[in-house]
Amino acid sequence: MSRRMAPTRRAVIDIGTNSVKLLVADVQGHSIIPIFEESEQTRLGKDFYETHRLQRDAIDETARAVASFSGIARLNNAASLRVIATSAARDAVNKQELLDAIRKVSGLDVEIISGDQEADLVYRGVRCDPELARQRLLILDVGGGSSEFMIGESEHPEFAQSFPLGSVRLLEHLRPSDPPTPAELERCRSCLKTFFAEHVRNIVGPALAKGRDCTQLIGTGGAATILARMEYALDKYRRHEIEGARISLESVRGWMTRLWSMPLLERRKIIGLPSKRADVILTGMAIYEAVLEEFAFTELRASTRGLRFAAVLQAAPAPPQPAAV
């Protein structure tokens, strides 16, 4: 009689353009059971896109968040820890400053992954959900600095590509007023239509054509889960209620009208919308609206899985170390 291996507890820290996120999970084969999850907005991509230089305060705040999450992983008895960085880190001319700061305060090394690697991890992470494992999917991960599009119905994606389009990047390009004006909303939509026509349509469209009628649009990442939380008025992050939530195109349009007419202080009062994300939700929502309309989807299905779920399946290079004094 074969004996099942005991689960291994692993941790992943994901350093994004907008936030740093932690996942501690028990892994057994392809089964992932989340034990602890946390997110801290450090806005690593703040004032980034004109100079492509990471700001010192954002670097320091990100390094502190990584050190704090490393301690949490250790307290939760994680046997290993990976630290992965994405869009802002890989595009930064001074990325070494970030790596040095993290190593100084936590003793940890950071893996900066490419856009293609990010897309592959997101795809495999979403598909570890048993309900989606055999479905044909267009998976969209809208991050702060980039958006990853992945298409497929098996273990490996048929198509995966990262585009330089994210909620923080677009917000810093548009810099809407508070509250935004109707003209600024139209400018945002026009900007996205132009971007899709010039960079996305002729690349994603042909890949999506195969099996289009049975393809589901899956949104993962902060913007998608926050949209689900607002739609269902979830005051806290409740994975079991967010997972699989469906948001119609009509509802997305309704949220766009509402959010883009409200001042920041009023947006911060919306149930389900974390206060620190009340600015970037404007552009994150706009990107999802643009994808729904561009590729004629009538609804978006939210997934709480993604990069961290795939990364935690892989063995980490080293166990978490105590932070430096």
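This briefing covers the overall build of the protein and a few backbone details in its loops. The model is predicted. The protein has twelve helices and eleven strands, and its radius of gyration of 19 Å agrees with the value near 20 Å for a compact globule of 325 residues.

**Overall size and packing**
- Along the principal axes, the C-alpha atoms fit a box of roughly 55 × 50 × 35 Å.
- Of the 325 residues, 54% are buried.
- Among contacts with a separation of 6 or more, 71% are between residues 24 or more positions apart.

**Surface and charge**
- The exposed area of the protein is about 14400 Å², and carbon and sulfur atoms supply 51% of that area.
- There are 43 positive and 42 negative charges, and the mean positions of these two groups are 4 Å apart.

**The loop between H5 and H6**
- Helix H5 covers residues 167-174 and helix H6 covers residues 182-209, with Pro179 in the loop between them.
- The peptide bond joining Asp178 and Pro179 is cis, with omega at about 0°.
- Arg175 is found in the loop between H5 and H6.
- Although Arg175 is not a glycine, its phi is positive, at about 45°.

**The loop between H11 and E11**
- Ala296 lies between helix H11 (281-294) and strand E11 (299-303), in the loop that links them.
- Ala296 is another residue other than glycine with a positive phi, near 55°.
- Ala296 counts as exposed because its relative accessibility is 58%, and the cut-off for exposed is over 50%.

Conventions. Residues are numbered from 1 along each chain as its sequence is written. This is a predicted model: local features need pLDDT of at least 70, side-chain atom pairs count only at pLDDT 80 or more; totals for chains, interfaces and linings use all residues. Side-chain values use heavy atoms; hydrogens and water are left out. Helices (H or I, at least four residues) and strands (E, at least two) are DSSP runs, numbered from the N terminus. The radius of gyration is taken over C-alpha atoms; the globule rule is 2.2 Å times the number of residues to the power 0.38. Buried means under 20% relative accessible area, exposed over 50%, partly exposed in between (1.4 Å probe, protein chains only). Contact means heavy atoms within 4.5 Å. Accessible areas come from the Shrake-Rupley method with a 1.4 Å probe; for residues, only the protein chains shown count as cover. Lys and Arg count as positive and Asp and Glu as negative; His and the chain ends are not counted. The place of a charge is taken as NZ of Lys, CZ of Arg, CG of Asp or CD of Glu.
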